[in-house]
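User: Could you take a close look at one part of this protein's surface for me? I'd like to know what it is made of and how it sits within the chain.

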Amino acid sequence: MNEALDRLTNGAWLHTFPEGKVCQEDAPIRRLKWGTASLIARAPVTPIVLPIIHHGFEKVMPENYAFGRRPPVPLWNQEIKIVVGEPMEFNLPELREMALSQSRDSSFSSEQWPRNILGGLDAAAQKCLYMTISDQIRTTLENLRNFSKSYAKAEQIK
């Protein structure tokens, strides 16, 4: 995470996969890991998030290709679709205030939580901030996933 934060500090591109795992099934996006939210909150300049959804990689490296195993090499001539959404910007001062307000109303135990105070936020407020950022990203990704599915269906009808 420190290396990723260094890249953001230097203005470099950073690509993360906040789902925390490779999903080959077509299912709604589950709760995201908080690492991406942490990077957004900790970066000296708030990064712009560019949501990207892809379909078709499950055909390139299917998990159950033969005898329940992946193929030894990627399968070629498979269709892959990549959909890029609108950039997301975060108003961190506003989100921090909201997190402080929410944390006062929560019964969060700070055990097993980093003791460092991020921008004046205690552990409960950090958790609320990371949850809020992650939820916004997940909602955007899920909307983009649904859009890409409906677009693909419309293309098949043509």
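Analyst: Happy to! Let's go to a nonpolar patch on the surface, which covers about 570 Å² and is made by W13, L50, F57, I80, I82 and V84. Please keep in mind that this is a predicted model.

A good residue to start from is W13, one of the members of that patch. W13 sits in the loop that runs between α1 (2-9) and α2 (35-42). Its relative accessibility is 55%, so W13 counts as exposed, the cut-off being over 50%.

The loop between α1 and α2 also holds R31, and R31 takes us to another surface feature. Together with K21, R30 and K33, R31 forms a patch of positive charge. R31 has 51% relative accessibility and therefore counts as exposed.

Now for the setting. The chain is built from five helices and two strands, and their order along the sequence is α-α-β-α-β-α-α. Of the 158 residues in the chain, 32% are buried. The accessible surface of the whole chain is about 10,900 Å², with carbon and sulfur atoms accounting for 53% of that area.

Contacts across the sequence round off the picture. Taking contacts between residues at least 6 apart in sequence, 69% link residues that are at least 24 apart.

To come back to your question, the nonpolar patch draws on W13 from the loop between α1 and α2, along with L50, F57, I80, I82 and V84.

Notes:
Residues numbered from 1 in each chain as written. Predicted model: local features only at pLDDT ≥ 70, side-chain atom pairs only at ≥ 80, totals over all residues. Heavy atoms only, no water. Patch = residues over 30% accessible without salt bridge, like charges linked within 9 Å, V, L, I, M, F, W, Y side chains within 5 Å. Areas by Shrake-Rupley, 256 points an atom, 1.4 Å probe, with all protein chains shown as cover. Salt bridge = Lys/Arg side-chain N within 4 Å of Asp/Glu carboxyl O. Helix = DSSP H or I, 4+ residues; strand = E, 2+ residues; numbered from the N terminus. Buried < 20%, exposed > 50% of the residue type's maximum accessible area, 1.4 Å probe, protein only. Contact = heavy atoms within 4.5 Å. Lys, Arg positive; Asp, Glu negative; His and termini not counted. Charge placed at Lys NZ, Arg CZ, Asp CG, Glu CD.
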